[in-house]
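I opened a fresh page for this chain. The plan is to look up a few residues, then the cores, then the charged pairs.

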Amino acid sequence: MNLPPNRRAALAALGAARPLVASLDFSRDPEELAADIIELWSVVETALRSLAGGSALAGRALVTNLRQREIISLDQTHALLELLDTRERLDRTDYSPTAQDLDAARAAYHALETGLATSAPTAAAPSAAPTGPTGTPLADAFPEPDVVAPPNLWLRRNARWVAVAAAAAVIIVSVLLFVFLGGTARSVRRGVNAYRAGDYAGAQATFAQVAHDHPDNTLAHVYLARLARERHDMETARRELELAARDGANDALVKREAGAYFLTLGQNFLATGRPDLAQQQFDNARRYYVDAVRLDPEDLSAQGYLGCALIRLGRPAEGMQWIQRAGPGGWSACAPQGALPPAPVPGP
């Protein structure tokens, strides 16, 4: 089957998800299932970027872009968004995957895999055959060979054993991928849960171990940068951000954390009586938050703190638009007094 290069690349990337889908058994530990679904979305997102021919988009923006370009079907779009909804619910520490979540994960994987393996493209076929730089149709530029190779008699006689060996190789690779990817995902989720529970020492130790074992794990470096920033160790925060950006230069979370780093740096300069330096850092924060919102238009935190950066830059009207768009959150403290309606008083 002759697939376009972007489909072949996406199908190859999606292969890493096969052991994760196979492990989605509701009898397993909920934490392990949650880690597998989170990792499954990460693999699917990588495959979607390959399908797009390389893209800086992520999450809903990426799926929507592929649908608008008619690269994926409407059914695939719905299935992928269902998986993304499930993955986002798993960010809540009190949420455990349901049987419906497992079904959604399987459905998204199979819908994408089936679509990628289909020889005909999802989008409408062009009216004329695609041509190369010289105007020659690409099919003619790379014709089929004139000479047909003779049959491989050894392969024909030993086809059964070759098939058994190939199947064994697939199983071994799948098991290794499951152990590698699943173990890392569980460690990352354990670190995230510790951070959200206020166990910063536990989160620090977990993410440091993940970063040591897997230096290219972007999320571990993002959280190590955040932990350092929150304890005012700006040098370590900068170093961890640089490591995160090395493998996640177009990651929305990296952009958002970089925005938080520069926003904090600007506030530090402002507190020490250096407003000119503070303004430079606030503008850096604005740039990174704009990138974060562009990459993930659903990120309310990036939207809210973009508003903070704009207010610090003397652009309160624009800043308030972003804060109000994000809704209530930590960024609300940046709003000028009286700019937001008072919080409702709890009932008796």
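**Entry 1: Asn217**

I started with the contacts of Asn217. Leaving out residues up to four places away in sequence, Asn217 touches Thr184, Val188 and Val210. This is a predicted model, so I read every value as computed. I placed Asn217 in the loop between H10 and helix H11 (218-230). Is Asn217 buried or exposed? Its relative accessible area is 14%, so Asn217 is buried, the cut-off being under 20%. I then followed the side chain. The side chain of Asn217 reaches the backbone nitrogen of Ala220 at 3.0 Å.

**Entry 2: Thr206**

Next I went to helix H10 (residues 200-213), where Thr206 is found. Thr206 is buried too, with a relative accessible area of 16%. What does the side chain of Thr206 reach? I found the backbone oxygen of Gly202, at 2.9 Å. Setting aside neighbours within four places in sequence, I noted Ser187 and Gly191 in contact with Thr206. I also checked Thr206 against Tyr195. The two are 11 residues apart in sequence, and their C-alpha atoms are 9.9 Å apart in space.

**Entry 3: the whole chain**

I stepped back for the totals. The protein chain has 16 helices and 0 strands. Of its 348 residues, 40% count as buried. I looked at contacts between residues at least 6 apart in sequence; 57% of them join residues at least 24 apart. The accessible surface comes to about 19,100 Å². Carbon and sulfur atoms account for 58% of that surface.

**Entry 4: the nonpolar cores**

How many residues does the largest nonpolar core have? I read 36 residues. Those with the most contacts inside this core are Leu14, Leu40, Val44, Leu48, Leu80 and Leu83. The elements giving two or more residues to it are helix H1 (5-14), helix H2 (18-22), helix H3 (30-51), H4, helix H5 (74-89) and helix H6 (99-117). H3 gives the largest share, 11 residues.

I picked Leu83 for a closer look. Not counting residues up to four places away in sequence, Leu83 touches Ile37, Leu40, Trp41, Val44, Ala105 and Ala108. Apart from this core lies another, of 31 residues. Among its residues I listed Leu241, Ala258, Ala285 and Leu313.

**Entry 5: H14 and Asp299**

Ala285 led me to H14, where it is one of the buried residues. The others on that list are Ala278, Gln281, Phe282, Arg286, Tyr289, Ala292, Val293 and Leu295. What do the buried residues of H14 pack against? I found helix H4 (59-68), helix H13 (252-271), H15 and helix H16 (316-326). I checked the length of H14 as well. H14 has 21 residues and spans 30 Å from its first C-alpha to its last, close to the 30 Å expected at 1.5 Å a residue.

Asp299 comes after this helix, in the loop between helix H14 (275-295) and helix H15 (300-312). Asp299 counts as buried because its relative accessibility is 8%, under the 20% cut-off. Its side chain makes a polar contact with the side chain of Arg256, at 3.0 Å.

**Entry 6: salt bridges**

Last, the charged pairs. Side chains of opposite charge can pair when their charged atoms come close. I counted 19 salt bridges in the structure.

Glu45 pairs with Arg49, with the closest N and O atoms 4.0 Å apart. Glu45 and Arg49 are 4 residues apart in helix H3, so about one helical turn separates them. Glu45 is buried at 13% relative accessible area, whereas Arg49 counts as partly exposed at 22%.

Arg315 and Glu318 form another salt bridge, their closest N and O atoms being 2.9 Å apart. Arg315 is partly exposed at 32% relative accessibility. Glu318 is partly exposed at 36%.

Which residues do salt bridges with shared partners join into one network? I wrote down Arg28, Glu32 and Asp36. In the bridge between Arg28 and Glu32, the closest N and O atoms are 3.5 Å apart. Arg28 is buried, at 18% relative accessible area. Glu32 is partly exposed, at 29%.

Methods: Residues are numbered from 1 along each chain as its sequence is written. This is a predicted model: local features need pLDDT of at least 70, side-chain atom pairs count only at pLDDT 80 or more; totals for chains, interfaces and linings use all residues. Side-chain values use heavy atoms; hydrogens and water are left out. Buried means under 20% relative accessible area, exposed over 50%, partly exposed in between (1.4 Å probe, protein chains only). A polar contact is a pair of N or O atoms within 3.5 Å; within protein, one must be able to donate a hydrogen and the other to accept it, and residues adjacent in sequence count only if both atoms are side-chain atoms. The expected span of a helix is 1.5 Å times one less than its number of residues. Contact means heavy atoms within 4.5 Å. A nonpolar core is a set of buried Ala, Val, Leu, Ile, Met, Phe, Trp, Tyr and Cys residues joined through side-chain atoms within 4.5 Å. Accessible areas come from the Shrake-Rupley method with a 1.4 Å probe; for residues, only the protein chains shown count as cover. A salt bridge is a side-chain nitrogen of Lys or Arg within 4 Å of a carboxyl oxygen of Asp or Glu.
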